[in-house]
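Please take a moment to look over the sequence and the model together, and then follow the explanation from one helix to the next.

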Amino acid sequence: MNQSPTGYLELGWAFAKIGLFTFGGGYAMIPIIDNLCVKQKQWLTAEEMAQTIIIAESTPGPIAINCATYVGFKQRGWLGATVTSFGICLPSFLIIYAIALCFQDFLQYKLIAAAFTGVSIAVGLLVLQAGIKMAAKIKASPLGYLIMFSAFAALGLGELKLAAISSSWTMLGAVVLSLAYYVLSGTARAEALQQQAITKKPAEQPQAGEEKL
């Protein structure tokens with residue numbers, strides 16, 4: 001991973017390009033952010049990027065902005081977080097503001113309507129790519145696959161209006177299931193005992209040549 005400090009201008013410009021050229025919102029931006037931060041700039045490792053996505057999804061706010069904020073903070077502290085957050089938001093704000101000025105006539109142009117039809121298809125593929133990447137990073141364990149397929153089934157029932165299940169409840173259920181397994185399997189107790197063994201100070205031994213009192 002790149003350890004040298006990154007300039008504020010480079011941080012802001014990198015995320016401004018993501019905000020300018022990525023359609024489809026936060027989930028469609030995930031593959032672009034992953035490619036930038038892990039492969040191109042090496043600001044994060046693949047494992048750190050996966051954890052960043054999880055944290056960004058679990059906290060309030062758009063996932064893409066949360067990811068940008070974290071990357072900026074990790075590189076240059078609070079000012080870096082401000083630069084990356086501002087950078088990824090500014091292009092979208094300016095574009096939406098320009099569209100809002102003439103929104104009534106915007107979609108009446110057949111050329112623009114046809115372009116948005118293609119964009120909507122590409123957005124779906126980008127979101128699918130993000131889902132596949134996140135699924136591939138799941139640890140190969142029965143619990144991981146159980147949570148993944150259970151969440152998929154729950155969201156499917158919610159979309160089909162067969163049950164009042166939202167994405168928030170699905171995520172909460174995944175958290176509860178994971179924590180329950182962590183506690184009931186004995187993993188929590190084993191890790192606590194291991195941590196106690198590490199932090200426990202060994203009995204002090206008299207140094208060589210030191211007289212015993």
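In this predicted model, a good place to begin is the pair of helices α2 and α3, where α2 passes α3 in a right-handed crossing. Two packed helices are described by the angle between their axes and the distance between the axes. For α2 and α3, the axes come within 10 Å and cross at roughly 150°. Angles over 145 degrees count as roughly antiparallel, and α2 and α3 are therefore roughly antiparallel to each other. The residues that bring these helices together are Y27, I30, I33, D34, C37 and V38 on the side of α2, which meet A46, M49, I53 and E57 on the side of α3.

It helps to place this pair within the whole chain, which contains 9 helices and 0 strands, so that its pattern, read along the sequence, is α-α-α-α-α-α-α-α-α. Of the 213 residues in the chain, 23% are buried. Among the contacts in the chain with a separation of 6 or more, 58% are accounted for by residues 24 or more positions apart.

From α2 one can step back to α1, since the axes of α1 and α2 come within 10 Å and cross at roughly 155°. That angle makes α1 roughly antiparallel to α2, and the crossing of α1 and α2 is right-handed. Here A14, F15, I18 and G19 of α1 make the contact with M29, I32, I33, L36 and C37 of α2. I33 and C37 of α2 take part in this contact with α1, and I33 and C37 also appear in the contact that α2 makes with α3.

Going forward instead, α3 packs against helix α4, which covers residues 63-101, at an angle of about 130° and with the axes 8 Å apart. What does this angle make α3 in relation to α4? It makes α3 oblique to α4, because an angle has to be over 145 degrees to count as roughly antiparallel. The crossing of α3 and α4 is right-handed, and the contact joins E48, T52, I53, A56 and E57 of α3 to I63, N66, C67, Y70 and K74 of α4. I53 and E57 of α3 belong to this contact with α4, and I53 and E57 are also listed where α3 meets α2.

Within helix α4 lies T84, which counts as buried because its relative accessibility is 0%. When its neighbours within four places in sequence are left aside, T84 is in contact with L11, F15, A68, T69 and G72. The C-alpha atoms of T84 and I65 are 8.2 Å apart in space, while the two residues are 19 apart in sequence.

F15, one of the residues in contact with T84, also leads to the aromatic rings, of which the structure holds 3 pairs. A pair of aromatic rings is described by the distance of the centres and the angle of the planes. The rings of F15 and W43 have centres 6.3 Å apart and planes at 15°, so this pair is stacked. F15 belongs to helix α1, residues 8-21, and W43 to the loop between α2 (26-40) and α3 (46-58), so that the pair links parts of the chain that are distant, 28 residues apart. Are these two residues buried or exposed? Both F15 and W43 are buried.

A second pair has another arrangement of its planes: the rings of F73 and W78 have centres 5.0 Å apart and planes at 65°, so the pair is edge-to-face. F73 is partly exposed, with a relative accessible area of 39%, and W78 is exposed, with a relative accessible area of 69%. Elsewhere, R76 lies over the face of the ring of Y8, at 4.2 Å from the ring centre.

Two loop residues complete the tour. Most residues other than glycine have a negative phi. Q42, however, has a positive phi of about 55° although it is not a glycine. Q42 is placed in the loop between α2 and α3 and is partly exposed, with a relative accessible area of 40%. S166 lies in the loop between α7 (142-159) and α8 (167-184), and S166 is partly exposed at a relative accessible area of 30%. The C-alpha atoms of S166 and L155 are separated by 6.8 Å, and these residues are 11 apart along the chain.

Terms used. Residues are numbered from 1 along each chain as its sequence is written. This is a predicted model: local features need pLDDT of at least 70, side-chain atom pairs count only at pLDDT 80 or more; totals for chains, interfaces and linings use all residues. Side-chain values use heavy atoms; hydrogens and water are left out. Rings of Phe, Tyr and Trp (its six-membered ring) pair if their centres lie within 6.5 Å; planes under 30 degrees apart count as stacked, over 60 as edge-to-face and the rest as tilted. Helices (H or I, at least four residues) and strands (E, at least two) are DSSP runs, numbered from the N terminus. Buried means under 20% relative accessible area, exposed over 50%, partly exposed in between (1.4 Å probe, protein chains only). A charge sits over a ring if NZ of Lys or CZ of Arg is within 6 Å of the ring centre and within 35 degrees of the ring normal. Axes are lines fitted to C-alpha atoms, for helices over the stretch in contact, and angles run from 0 to 180 degrees between N-to-C directions. Angles under 35 degrees count as roughly parallel, over 145 as roughly antiparallel, 65 to 115 as roughly perpendicular and the rest as oblique. A crossing is left-handed if the near helix is turned anticlockwise from the far one by less than a right angle, and right-handed if clockwise. Contact means heavy atoms within 4.5 Å.
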